[in-house]
Amino acid sequence: MGLSRSRPSDTLLDLLRAAGRRGHSARSLVTAGDLFGLTENTVRVTLSRLMGRGLIESPSRGRYR
């Protein structure tokens, strides 16, 4: 049986949900994404797309929740 792979958006949303209101910095999400096999570019593009869809917010530069 193979390991199922999540979409990058699912992985980042799970990480942000776990952080609650305090959220995460972009740098910490890139570091965590690396553990899941996501490149820095994939994480940053996915964050931008999630923002565009209104699923996450950025209360300050480089911070997401």
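**A small tour from helix α1 outward**

Ser9 sits in helix α1; helices here are DSSP runs of H or I with at least four residues, strands are runs of E with at least two, and both are numbered from the N terminus. The model is a predicted one, so local features need pLDDT of at least 70 and side-chain atom pairs count only at pLDDT 80 or more, while totals for chains, interfaces and linings use all residues. Residues are numbered from 1 along each chain as its sequence is written, and side-chain values use heavy atoms, with hydrogens and water left out.

Back to Ser9: with a relative accessible area of 14%, Ser9 is buried, a label that applies under 20%, with exposed meaning over 50% and partly exposed anything in between (1.4 Å probe, protein chains only). Setting aside neighbours within four places in sequence, Ser9 is in contact with Thr46 and Leu50, where contact means heavy atoms within 4.5 Å. Leu50, for its part, has contacts with Ser9, Leu12, Leu13, Leu55 and Ile56, again leaving out neighbours within four places in sequence.

Leu50 also belongs to the largest nonpolar core, a group of 12 residues. Such a core is a set of buried Ala, Val, Leu, Ile, Met, Phe, Trp, Tyr and Cys residues joined through side-chain atoms within 4.5 Å. Along with Leu50, the members are Leu12, Leu13, Leu16, Ala26, Leu29, Val30, Leu38, Val43, Leu47, Ile56 and Tyr64. Helices α1 (8–19), α2 (26–35) and α3 each put at least two residues into this core.

Now for the whole chain. The secondary structure adds up to 3 helices and 2 strands, and from the N terminus on the elements run α-β-α-α-β. The radius of gyration is 11 Å, close to the 11 Å that the globule rule gives for 65 residues, so the protein is as compact as a globular protein of that length. That radius is taken over C-alpha atoms, and the rule is 2.2 Å times the number of residues to the power 0.38. Taken along the principal axes, the C-alpha atoms fill a box of roughly 40 × 20 × 20 Å. Of the 65 residues, 29% count as buried. Among contacts between residues at least 6 apart in sequence, 52% join residues at least 24 apart.

On the outside, the protein exposes about 4,700 Å², and carbon and sulfur atoms supply 50% of that; the areas come from the Shrake-Rupley method with a 1.4 Å probe, and for residues only the protein chains shown count as cover. As for charge, there are 12 positive and 5 negative ones, and their mean positions are 4 Å apart. Lys and Arg count as positive and Asp and Glu as negative, leaving out His and the chain ends, and each charge is placed at NZ of Lys, CZ of Arg, CG of Asp or CD of Glu.

The loop between α3 (40–52) and β2 (63–64) holds Gly62, and Ser60 is found in the loop between α3 and β2 too. Gly62 is partly exposed at a relative accessible area of 33%, and Ser60 is partly exposed at 37%. Ser25 makes a handy reference point for both. Gly62 and Ser25 are 37 residues apart in sequence and 5.7 Å apart in space, C-alpha to C-alpha, whereas Ser60 and Ser25 are 35 residues and 9.4 Å apart on those terms. Not counting residues up to four places away in sequence, Gly62 touches His24, Ser25 and Ala26.
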